[in-house]
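Thank you all for coming; I would like to take a few minutes to walk through a structure that is new to most of us. Please have a look at it first, and then I will go through its helices, loops, pockets and one contact between helices in turn.

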Amino acid sequence: MLYDPAHFEPLVDESWDEARVRDAIRAIVADADAAYSPDGLWPAHEWDGWDAPLPLKNLYVGAAGVVWALNRLRLHAESALDLRTVALRALELWREEPDFERNEIKPEPAESSLFCGETGPLLVACLLGAGGSLADELLARVRANVANEAEELFWGTPGTLVAAAAMGWDDAARESADALASRRDADGLWTQRHYGPTVRSLGAPHGLVGNVGALLRVEHDRNDALGRETAAILAAHAIVEDGLATWPLGFGGGLEARDGQIRLQWCGGAPGIVIAAGGYLDEELLLAGAELVWRAGPHNDEKGHGICHGTAGNGFALLKAFARTGDERWLERARRFAVHALAQVERLRAARGRGRYSLWTGDVGTALYAAACIDADARYPVLD
């Protein structure tokens, strides 16, 4: 069994309607505008805000991510907020009280984390034009993180490499890339040291393909070989059944995680591998992974609709299959997932009485996926 059917549900019986999708994106943006306050930023979902000081400010599940998404959605729905001002307010509040989980084991320097630290709010503020000293502070965060031993996107050098590349800082990006590449293990992986135990992972947020994706953002003679070698590792460790494929969370392990779950989402399993390695993964394996995503269907409401571990995130794997092959069937499938994810947004918003305000787990991330399906654009948010 490559996935647990109990975590998935049948697609809604609704065809793609671009006008309807555009209306849903506008509704998500309008809801985010209405829910914002300068003091509380956005209300936190209980999963997003678990054991963390509120309001949430970070890029992953906090205000910086919402602002990043609203800015990217402007071609489809204009926010009424002054996004630069909101970004600066999120940074101000982060500096008053970082929203690290209270009992979390954090790699050092934790403040440099792209997803969870100050780097995310700084990056968003700088991308929205708040440069000057803030750009200097962001560059300092990037350079302070060059030796971070986490070796993954959330906390480590790969994340700050992505930030440097987004800012167009070639020298800083190259410095980070060279340091990260130098710490690659002899078998082509990295050893992750974060959240307590030492692990070796293949996945996108905390492992091999996320690191390789960050390295490939910097032009270098090593890149062609890096892609080939990583594709070979992924081919060797793919779990294939009846023309379908997925990958374990941990290098050399089985599909079940420590909690007994078999994950099929961006942050574990075939979707994340296909999304991050879509440019170099063996095409037969890429399509086998994407086919598994399609056969499993959308996540149910326990996981939700978001781009981290929900329906929209899995849908990006279908968009990657379209980008690789040009086969319109994959775009049609991706759009079916978008329709379903938007229906989940509406259903869960009605049940809670408000939206979910975060980039990776919330409504604006799903709106970005729906917009990507309109534009036939397979780029995964922030990281591509």
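Before anything else, a word on how elements are named: the helices I mention are DSSP runs of at least four residues, numbered from the N terminus. Please also keep in mind that this is a predicted model.

With that naming in hand, let me begin with the loop between H3 and H4, which is where Ser112 has its place. Is Ser112 buried or exposed? Buried here means under 20% relative accessible area, and Ser112, at 0% relative accessibility, therefore counts as buried. If we leave out residues up to four places away in sequence, Ser112 touches Thr119, Arg141, Ala144, Asn145 and Thr160.

One of those partners, Thr119, takes us into helix H4, where it is listed among the buried residues together with Gly120, Pro121, Leu122, Leu123, Val124, Ala125 and Cys126. That makes eight of the nine residues of H4 buried, which is why this helix can be called largely enclosed by the rest of the structure. The cover over these buried residues includes H2, H3, helix H5, which spans 133–144, and H6. After H4 comes Gly129, a residue whose phi is positive, near 100°.

Helix H2 is one of the elements covering H4, and H2 is itself mostly covered, with eight of its 10 residues buried. The buried residues of H2 are Ala63, Ala64, Gly65, Val66, Val67, Trp68, Ala69 and Leu70, and they pack against helix H1 at 18–35, helix H3 at 83–96, H4 and H14.

Let me stay with this part of the chain and turn to two further buried residues, beginning with Asp33, whose place is in helix H1. Asp33 counts as buried because its relative accessibility is 15%. Apart from neighbours within four places in sequence, Asp33 is in contact with Leu70, Ser79, Ala80 and Leu81, and Leu70, as we have just heard, is one of the buried residues of H2. Asp33 and Ser79 are 46 residues apart along the chain, and their C-alpha atoms are separated by 6.6 Å.

The other residue is Pro53, which lies in the loop between H1 and H2 and, at 8% relative accessibility, also counts as buried. Setting aside residues up to four places away in sequence, Pro53 touches Glu97, Pro98, Asp99, Phe100 and Arg102. For the pair Pro53 and Glu97, the separation is 44 residues in sequence and 7.3 Å in space, taken from C-alpha to C-alpha.

Now to the spaces in the model. How much space lies in the largest pocket? The value is about 1,500 Å³, and of the 44 residues that line this pocket, Trp47, Tyr195, His206, Arg263 and Cys267 are the closest to its centre. Its lining divides into 19 nonpolar, 13 polar and 12 charged residues.

The second largest pocket has a volume of about 440 Å³ and a lining of 22 residues, with Trp68, Arg72, Leu368, Asp377 and Arg379 nearest its centre. Here we meet some helices again, since H2, H4, H6 and H14 each supply at least two residues of this lining, and H14 gives the most, with four residues. By class, the lining of this second pocket has 14 nonpolar, two polar and six charged residues.

There is also one cavity of 30 Å³ or more in the whole structure, and its volume is about 40 Å³. Trp42, Pro43, Ala44, Leu56, Val61, Gly62, Ala63 and Tyr357 line this cavity, a lining with seven nonpolar, one polar and no charged residues.

I will finish with a pair of helices, H11 at residues 283–296 and H12 at residues 311–325, whose axes come within 9 Å and cross at roughly 145°. The crossing of H11 and H12 is left-handed. On the H11 side, Glu283, Leu286, Leu287, Ala290, Val293 and Trp294 take part, and they meet Asn314, Ala317, Leu318, Ala321, Arg324 and Thr325 in H12. The residues of this contact divide into eight nonpolar, two polar and two charged.

Methods
Residues are numbered from 1 along each chain as its sequence is written. This is a predicted model: local features need pLDDT of at least 70, side-chain atom pairs count only at pLDDT 80 or more; totals for chains, interfaces and linings use all residues. Side-chain values use heavy atoms; hydrogens and water are left out. On a 1 Å grid over the protein atoms alone, a cavity is a set of points where a 1.4 Å probe fits but cannot get out, and a pocket is an open set with protein on both sides within 12 Å along at least five of seven lines; lining residues have an atom within 4 Å of a point. Grid points are joined across faces, edges and corners, and a volume is the space filled by probe spheres set on the points. Ala, Val, Leu, Ile, Met, Phe, Trp, Tyr, Cys and Pro count as nonpolar, Asp, Glu, Lys and Arg as charged, and the others, Gly among them, as polar. Axes are lines fitted to C-alpha atoms, for helices over the stretch in contact, and angles run from 0 to 180 degrees between N-to-C directions. A crossing is left-handed if the near helix is turned anticlockwise from the far one by less than a right angle, and right-handed if clockwise. Contact means heavy atoms within 4.5 Å. Buried means under 20% relative accessible area, exposed over 50%, partly exposed in between (1.4 Å probe, protein chains only).
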